[in-house]
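Got the viewer open? Here's a short walk through one model, with something to select at each stop.

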Amino acid sequence: MRPLKPLLLLLLIAFLLTLQHVDPEQPDLLVVKFSWASEKQNSRMIRGAQNPGGPIATPIPDNRDLGSRRTDLRIMEKKANASAQNAVDSYQLRLELKNTGANVVRGLIWEFRPTAGPDDYQPKQYLCALQVKPKEKKILDIWTPYLPVKVISAAERKDALKDGTVVINQIEYVDGSVWKKRGWNYKLPAGSLQKLAEGQCSVF
């Protein structure tokens, strides 16, 4: 009977590990919903932090002659046109996640794969610091100047690339353990996640 005890112990350990990791192929961080949208922003417009929606300046009565005011209007019109040309796109990415596991999530790396993308499509990777407790839902709201998808051709509409799937490639937990998607072996510099504040992301 004695020789059987180590074998039984190994079988018991293997059984317990199986219970703890029901499906190691799938992440225990569930993507509930994802969306992205673009917005045109004027890089030259500056508004006060106390009243961002209010006027930029209070108008001052102009008592100068009509010719001077016409000259000023032309200058203002040229500046407005130049400002409009410098308007840049900004993109809002909204990702809703749910922790279905037993560990507290510390951060994750994810990508968005559009349905319209080709087989060799290389998506952007997002490293995000986000703490999610077991059974908790969290929303990750990101503003970025980078288009979340790569436009394959000039004739391709960005809206056609909005449908797709979010793939989680890596999860880092508070206890130091890490989950990685099989076949994904991208290595980041040490301490990359620690440099990000809660809710912040880095694109690579």
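Select E111 and turn on a surface: at 2% relative accessibility, this residue counts as buried (buried means under 20% relative accessible area, exposed over 50%, partly exposed in between, with a 1.4 Å probe and protein chains only). Before you go on, know that this is a predicted model, in which local features need pLDDT of at least 70, side-chain atom pairs count only at pLDDT 80 or more, and totals for chains, interfaces and linings use all residues. Residues are numbered from 1 along each chain as its sequence is written, and side-chain values use heavy atoms, with hydrogens and water left out.

Now show what surrounds E111. Leaving out residues up to four places away in sequence, E111 touches P123, K124, Q125, T165, V166, V167 and N169 (contact means heavy atoms within 4.5 Å). Add R113: a polar contact of 2.6 Å joins its side chain to that of E111 (a pair of N or O atoms within 3.5 Å; within protein, one must be able to donate a hydrogen and the other to accept it, and residues adjacent in sequence count only if both atoms are side-chain atoms).

Switch to cartoon. E111 sits in strand β3, residues 105-114 (strands are DSSP runs of E, at least two residues, numbered from the N terminus). Which order do the strands of the open sheet follow? Five of them run β7-β6-β3-β4-β8, with antiparallel pairing (two strands pair if DSSP finds at least two bridges between them). At the edges, pairing on one side only, are β7 (178-180) and β8 (201-203).

Zoom in on β6, residues 164-173, which pairs with β7 in the antiparallel sense over three bridges. Pick E172 and look across to β7: its bridge partner there is V178.

Next, colour the aromatics. The whole structure holds six aromatic pairs (rings of Phe, Tyr and Trp, the last by its six-membered ring, with centres within 6.5 Å; planes under 30 degrees apart count as stacked, over 60 as edge-to-face and the rest as tilted). Select W36 and Y91, an edge-to-face pair at 6.2 Å centre to centre with 65 degrees between the planes. W36 is in β1 and Y91 in β2, 55 residues apart, and both are buried.

Then try Y186 and F204, a tilted pair at 4.9 Å and 35 degrees. Y186 lies in the loop between β7 and β8 and F204 in the segment after β8, so the pair ties together parts 18 residues apart in sequence. Y186 is partly exposed at 45%, and F204 is partly exposed at 28%.

Last stop: select F34, W110, F112 and Y126, which ring pairs link into a cluster.

Technical notes:
Helix = DSSP H or I, 4+ residues; strand = E, 2+ residues; numbered from the N terminus.
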